Amino acid sequence: MGYALLAGLAAIVVLVSTAIFIGAGSGEGGLGEDSPQSRNPAAPASSGQWVGTWSAAPAAAEPRSRDGFAHMSIRNVVHTAVGGTQARIQLSNLFGNRPLTISHATIALAAAPSNPTAAAGSMRRLSFGNKPSVTIPAGGEVTSDAVRLNVPHAADLLVTTYSPTPSGPVTYHPYARQTSYVAGGDRTEDTSGTAFNQQSPYWRYLTAVDVWSNETDGAVAVLGDSITDGITSSPGANHRWTDFLAERLRTERGAPRLSVLNSGISGNRVLVDGSKFSPNNGPSGLTRVNRDVLSRTGVKVVVVEMGLNDIIKPPRQRDPVKIVNGLRDLVRQAHTRGLRVVGATLTPFGGHRGYTPRMDAVRRAVNEEIRAGKVFDAVVDFDAALRDPAHPERLRAAYDSGDHLHPSDNGYRAMAQALDLQTLKGSRPAKL
């Protein structure tokens, strides 16, 4: 009886503390990185740390966006990997050719998945260096000040920006597999989604969301191509293989306390840069690994899933040694930051229009080097996880999206299951 009474009183204290916390977080002021806030007021005090909860690699300048979105509000919908008690965002003008002015920006919890309406009491105005507006130079990026916001695990966030003037080409991520929204005028602080009547399959300007957490030790950053981008996953369902991996890390006993950051770009290659205006290539892995992966907040380990496009896409790379050397260069860049790298074998593509036995021989030669432990600190064998045992040059039918190259949702889940979570532990790289 006494224990039940004490438990009830403790629950009331938690509810009251949370209510006070939400109320205190409704102001406009930012919080410094040294301000510890706990998701659970009953938990032991902790200094906490910043960790990335979501990311998307800037891929190109959006076609037909020469003047940007002047006098328009863009509401990006993104899905968190882990939660926290504060939040901040990163905006990019990487592919712009003139300054981008953001005069108003907000962050909020979505009232429902993929919905532009904000959850009651969650809207926060963002500032930049304690100022309400910011101008990002062409090729530049900016991180907002922090705001207090109880961000849950596996939740949808709404990040809204307003540009008052033409800004030139829009830096975007084209294959979001998530519906975002656009509205005319400054609707940045609208809690209702009614004005956001234009739907968009892209993420624009937004490249990262960080949270302050005392429950997460760091992040897994994934460098990849369309398979990591999840180009054939169900829209709005968060069924990329990185989403399934994040779920495993949140729920499995003994799993490392890590977030997952997706830096996949469809069409991306290790060795060759795509066109600035190409919607599906992006800068090469070697060009962008520092910006899109190694510099993400709280990264403890890197996963690399790429190389297949170097074989398939013109100009086709027929020398496996060059691809392997490119992968080794990625590893060296990560090692300079003290990060270990888990590398993936290249997956089957028999039946795809780009398939030839000669190209498949290149893939298999790359995989031999990877499996031999001569490229990465640890290996995840996506090839073995996805291939048809009877026809190893092809994807298993249950894992094939239908194009014989990209996995289905079931295939993406199988990829996440194939990764030994223990390979993500440890901060020091192996000696190759």
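Of the 432 residues in the protein chain, buried residues make up 53%. The model is a predicted one, and its chain is organised into nine helices and 23 strands. A good way to get a feel for the fold is to ask how contacts relate to sequence: of those between residues at least 6 apart in sequence, 81% join residues at least 24 apart.

The buried interior can be explored through its nonpolar cores. The largest of these has 38 residues. Which residues have the most contacts inside this core? They are Ile89, Leu91, Ile107, Leu206 and Val209. Val209 makes a helpful example. With its neighbours within four places in sequence set aside, Val209 is in contact with Val51, Gly52, Thr53, Trp54, Val78, Arg88, Ile89, Ile107, Leu157 and Val159. Another core lies apart from the largest one; this other core has 30 residues, including Leu223, Met306, Phe349 and Val362.

Aromatic rings offer a second view of the interior, and five aromatic pairs are present in the structure. One of the pairs is formed by Trp50 and Trp212, which meet edge-to-face, at 5.5 Å centre to centre and with 80° between the planes. Trp50 belongs to strand S1 (residues 49-55) and Trp212 to strand S16 (residues 206-213), so that the pair links distant parts of the chain, 162 residues apart. Are these two residues buried or exposed? Trp50 has a relative accessible area of 7% and therefore counts as buried, and Trp212 is buried as well, with a value of 4%.

Trp54 and Trp203 form an edge-to-face pair too, because their planes stand at 80° and their ring centres are 5.1 Å apart. Here Trp54 lies in strand S1 and Trp203 in strand S15 (residues 203-204), so this pair ties together parts that are 149 residues apart in sequence. Both Trp54 and Trp203 are buried. Back at Trp50, the ring has a further partner: the charged end of Arg88 sits over this ring, 4.2 Å from its centre.

Helix H6 (residues 320-335) is a friendly place to check some helix geometry. Its 16 residues should span 22 Å at 1.5 Å a residue, and the end C-alpha atoms are 23 Å apart, which agrees. The buried residues of H6 are Ile323, Val324, Gly326, Leu327, Leu330, Val331 and Ala334. Why do these residues line one face of the helix? Seen down the axis of H6, the buried residues fall within an arc of 155°, so they line one face. The general background is that an α-helix has 3.6 residues a turn, so residues three or four places apart point the same way. The cover over the buried residues of H6 includes strands S17 (218-224), S19 (299-305) and S20 (340-344), together with helices H4 (285-294), H5 (308-312) and H7 (357-371).

Two features are found in the loops on either side of H5. In the loop between S19 and H5 lies Gly307, which is buried, with a relative accessible area of 0%. Leaving aside neighbours within four places in sequence, Gly307 is in contact with Asp225, Val270, Ile323 and Leu346. One of these, Ile323, is also among the buried residues of H6. Gly307 and Arg363 are 56 residues apart in sequence, and their C-alpha atoms are 8.4 Å apart in space. In the loop between H5 and H6 lies Pro315, and the peptide bond from Pro314 to Pro315 is cis, with omega near -5°.

Helix H9 (residues 409-418) can be described in a similar way. Its buried residues are Asp409, Gly411, Tyr412, Ala414, Met415 and Ala416. What do the buried residues of H9 pack against? They pack against helices H2 (226-229), H3 (241-251) and H8 (382-386).

The backbone also deserves a look at two residues other than glycine with positive phi. Arg177 has phi near 55° and is placed in the loop between strand S12 (171-173) and strand S13 (180-184). At 25% relative accessibility, Arg177 counts as partly exposed. Tyr205, with a positive phi of about 70°, is found in the loop between S15 and S16. At 1% relative accessibility, Tyr205 counts as buried.

Notes: Residues are numbered from 1 along each chain as its sequence is written. This is a predicted model: local features need pLDDT of at least 70, side-chain atom pairs count only at pLDDT 80 or more; totals for chains, interfaces and linings use all residues. Side-chain values use heavy atoms; hydrogens and water are left out. A nonpolar core is a set of buried Ala, Val, Leu, Ile, Met, Phe, Trp, Tyr and Cys residues joined through side-chain atoms within 4.5 Å. Buried means under 20% relative accessible area, exposed over 50%, partly exposed in between (1.4 Å probe, protein chains only). Contact means heavy atoms within 4.5 Å. Rings of Phe, Tyr and Trp (its six-membered ring) pair if their centres lie within 6.5 Å; planes under 30 degrees apart count as stacked, over 60 as edge-to-face and the rest as tilted. Helices (H or I, at least four residues) and strands (E, at least two) are DSSP runs, numbered from the N terminus. A charge sits over a ring if NZ of Lys or CZ of Arg is within 6 Å of the ring centre and within 35 degrees of the ring normal. The expected span of a helix is 1.5 Å times one less than its number of residues. The arc is that of the directions from the helix axis to the C-beta atoms.
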